[in-house]
Amino acid sequence: MSNNSAEVDWDALTAAARRAMEHAYVPYSKYPVGAAALTEDGRVVSGCNVENASYGLTLCAECSLVSQLQMTGGGRLVAFSCVDGDGNILMPCGRCRQLLYEFRAPDMQLLTVSGIKTMHEVLPDAFGPEHLSR
Ligand code: THU
């Protein structure tokens, strides 16, 4: 899969998100989510949601995706896709937009319910690591 965001194979990336969704642990919400992202160096990382009896400790699919990113060599995300249990495109929740922002490539794009958007479009005026170095 290309790592040039202009040539992202969105169908393949979304298929990877759907495969990840099949691993979701969702005994409480019964709402599986899968996410997949393409890295700058051409890897595909993915994740599923993992719930907890405490409810509040639930890990969103994006949490396991960024963990896999770090565990498989780190780097930056250039493209992202997320699906619900029916395989339909799902917008990442607000907290997860922040998680993704931390690891974005400058031109990161997300496949959303309203088309392909930039990270800036889905999290405008974001707080980020750059604020801490002022
Ligand atoms: N969920 C995600 O995994 N990612 C999101 O961006 C939205 C919500 C999960 C958390 C919980 O397991 C289930 O969806 C219902 O909220």
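**Exercise 1. Determine whether Lys30 is buried or exposed, and describe its backbone and its place in the chain.**

Solution. Lys30 has a relative accessible area of 62% and is therefore exposed; the cut-offs, for a 1.4 Å probe and protein chains only, are under 20% for buried, over 50% for exposed, and partly exposed in between. The structure is a predicted model, in which local features need pLDDT of at least 70 and side-chain atom pairs count only at pLDDT 80 or more, while totals for chains, interfaces and linings use all residues. Residues are numbered from 1 along each chain as its sequence is written, and side-chain values use heavy atoms, with hydrogens and water left out.

Next, the backbone: phi of Lys30 is near 55°, a positive value in a residue other than glycine. Finally, the place: Lys30 belongs to the loop between α1 (10–21) and β1 (34–39). Helices (H or I, at least four residues) and strands (E, at least two) are DSSP runs, numbered from the N terminus.

**Exercise 2. Carry out the corresponding analysis for Tyr55: is it buried or exposed?**

Solution. The relative accessible area of Tyr55 is 56%, so Tyr55 is exposed. Its phi is near 65°, again positive in a residue other than glycine. Tyr55 lies in the loop between β2 (44–48) and α2.

**Exercise 3. Characterise the packing of α2 and α3: what are the angle and the distance between their axes?**

Solution. Two packed helices are described by the angle between their axes and the distance between the axes.

1. Helix α2 (residues 61–71) and helix α3 (residues 94–102) pack at about 15°, with axes 9 Å apart. Axes are lines fitted to C-alpha atoms, for helices over the stretch in contact, and angles run from 0 to 180 degrees between N-to-C directions.
2. The two helices are therefore roughly parallel (under 35 degrees; over 145 is roughly antiparallel, 65 to 115 roughly perpendicular, the rest oblique).
3. Glu62, Cys63 and Val66 of α2 meet Arg95, Cys96, Leu99 and Leu100 of α3, where contact means heavy atoms within 4.5 Å.
4. These contact residues comprise five nonpolar, no polar and two charged.

**Exercise 4. Summarise the chain as a whole: how many helices and strands does it contain, and in what order do they run?**

Solution. The protein chain has five helices and five strands. From the N terminus, the order is α-β-β-α-β-α-β-β-α-α. Along its principal axes, the C-alpha trace spans about 40 × 35 × 30 Å. Of the 134 residues, 43% count as buried.

Definitions and conventions. Nonpolar A, V, L, I, M, F, W, Y, C, P; charged D, E, K, R; others polar.
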